[in-house]
Amino acid sequence: MNKNLLISILFCIIFQNGFSQISFSTEKIISQSSAKVHVHSGDLDGDGDEDILAGYGNLEWYENDGSGNFLNNNTISLGGKSLQSIYVTDINGDSKLDILCELNGGANNSEIVWFKNEGNGSFSAKNVITNQIISGHCVFAADLDGDGDQDVMSASVIDDKIAWYENNGNGNFGSQKIISSTTDGASTVYASDLDGDGYLDIIAGGAWDGKLSWYKNMDGKGTFSSEKEITSVNQLQFAYTADLDGDGDQDIYFAALGGTVAWVKNDGDGNFGLLNIIGYESKATDVLAQDFDNDGDLDIVSTSDNGNLSWFQNNGFGEFGEHIIISNTNNRSVYSADINGDGKFDILTASFYGNKVSWYENLGFLGIHEPNSLSLSVYPNPTEDFINIISNEKIKNVEIFNSIGQKVLQKNNSNRIDISNFANGIYYLRMIGVDGNVGNKKIIKK
């Protein structure tokens, strides 16, 4: 038999048999009180674990005791408006996680707001960033102008706008800066360095636009190019970036109501290849990349308006297996974090029709498929600057991921890691030893 053919056959067998080796728990309902359209998480009260936020008519956050038990249902008033999108970040530079929201209140009555974290999970009244949007759908924050603080981006459906708002560092924002006013049904906006020049570019698209596009950050100060079309999309909902094929650059993946969960390969210079279908999911509403099976690559989970919460396992090259339905109980929005502090990424969902917020525990690998592990400890933890690693095996590689699974650091042959420039929050360290064994630790940057 041809050697290359034999290798291909063996690879396919390994690839196919490798799926469904991890499992998730049945649904754990956190709250079942009212409709929810979006879910997010973050350490809101500063105690080192992931609290959960969700909302629609009101914004609610749920205090985690660190083991996945939720103690309180805290309500933040939205003043009669409906929530569409949530993002958690430090808006005013005081090292506490604030809440950023996009709110709708009928025709010509939408706004982007933020709630200041006063400490211990207490939040201020809303601070309005802008009301110059109509029917917002997505909000995001990142440092677009390179001055060290979190600027804000928005996508709004009825006025077809992709826009951003400059943060002066104290949570005071400048006027609206329009990136595009012709994105028909603008539904998603995200920031990532697509062409490797060190500047954050914009990824955006619309539910009625029929396409996904990007805008190059020309000078690192938030001056953006004209639209660069990436691919055609039917009823785009949300799009994000991650390195799905392991080649070191940011690919783009998305969910579309038209029935697809898909990704597009980046060559590292902002040139994109053909559309790769991850799965056909009727009315896909949200999507997230995360390494659920701890094999070093990013898997995909998605939700859909038919209720499914689905998982697609990545073989490391951006090739995904048959989708596994984790739940079919009315899931609209998806997010991921280590909810119970066991070092594995769990799944969070929000349900509109089911009126609930839920989580699914990552139970890990089954039986003999448990991956090799090594003895690993890190100190100090929490830390303000450096972490030191002690292991029974010589270090080959260390990777650190943020709470949404994006790799933020990689080091070779180093047992002392500088994270002083990281934002405060929860991170996950993955160490690979010279013998191929793997160890994982949650770390807290304060």
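# Notebook: salt bridges and a four-stranded sheet

I began with charged side chains and noted that Lys81, Glu111 and Lys126 are joined in a network of salt bridges. I should record at once that this is a predicted model, and that I looked up everything below in that model.

**Entry 1: the network around Glu111.** As a reminder to myself, side chains of opposite charge can pair when their charged atoms come close. I looked up the two pairs in turn. The side chains of Glu111 and Lys81 form a salt bridge at 3.3 Å, N to O. Glu111 lies in strand β9 (residues 111-119), while Lys81 lies in the loop between β6 (70-76) and β7 (82-89), so this pair ties together parts that are 30 residues apart in sequence. The side chains of Glu111 and Lys126 also meet in a salt bridge, here at 2.4 Å, N to O. This second pair links Glu111 in strand β9 with Lys126 in strand β10 (residues 122-130), and the two are 15 residues apart.

I then asked myself which of these residues are buried and which are partly exposed. Since buried means under 20% relative accessible area, Glu111 counts as buried at 6%, and Lys81 counts as buried at 11%. Lys126, with a relative accessible area of 31%, is partly exposed.

**Entry 2: a pair from distant parts of the chain.** The structure holds 15 salt bridges, and I picked out one more of them, in which the side chains of Lys356 and Glu27 meet at 3.2 Å, N to O. Lys356 belongs to strand β29 and Glu27 to the loop between β1 (22-24) and β2, and 329 residues separate them. Lys356 counts as buried, with 9% relative accessibility, whereas Glu27 is partly exposed, with a relative accessible area of 24%.

**Entry 3: the sheet that holds β29.** Following strand β29, I came to an open sheet of four strands in the order β2-β29-β28-β27, with antiparallel pairing. Why is one side of β2 and of β27 left without a neighbour in the sheet? I found that β2 (28-31) and β27 (333-337) stand at the edges, each with a single partner strand, so one side of each has no neighbour there. From one strand to the next, the twist averages 25°.

I went through the pairings from one edge to the other. β2 and β29 (residues 356-360) pair in the antiparallel sense over three bridges, and Ile29 has Ser358 in β29 as its bridge partner. Strands β28 and β29 run antiparallel and are joined by five bridges, with Ile347 partnered by Tyr360 in β29. Five bridges also join the antiparallel strands β27 and β28, where Val334 stands opposite Thr349 in β28. In the hairpin of β28 and β29, four residues lie between the strands, and Asn355 takes a positive phi near 55°.

**Entry 4: the cover on β28.** How many residues of strand β28 (residues 346-351) are buried? I found six of its six residues buried. In a regular strand the side chains alternate between the two faces of the sheet. In β28, Asp346, Leu348 and Ala350 point one way and Ile347, Thr349 and Ser351 the other way, and all are buried.

**Entry 5: a patch on the surface.** Lastly I looked up a nonpolar surface patch of about 310 Å², made by Leu275, Ile277 and Tyr280. Ile277 is found in strand β22 (residues 272-280), and at 36% relative accessibility it counts as partly exposed.

Notes:
Residues numbered from 1 in each chain as written. Predicted model: local features only at pLDDT ≥ 70, side-chain atom pairs only at ≥ 80, totals over all residues. Heavy atoms only, no water. Pairing = 2+ DSSP bridges. Axes fitted to C-alpha atoms, helices over the stretch in contact; angles between N-to-C directions. Patch = residues over 30% accessible without salt bridge, like charges linked within 9 Å, V, L, I, M, F, W, Y side chains within 5 Å. Areas by Shrake-Rupley, 256 points an atom, 1.4 Å probe, with all protein chains shown as cover. Buried < 20%, exposed > 50% of the residue type's maximum accessible area, 1.4 Å probe, protein only.
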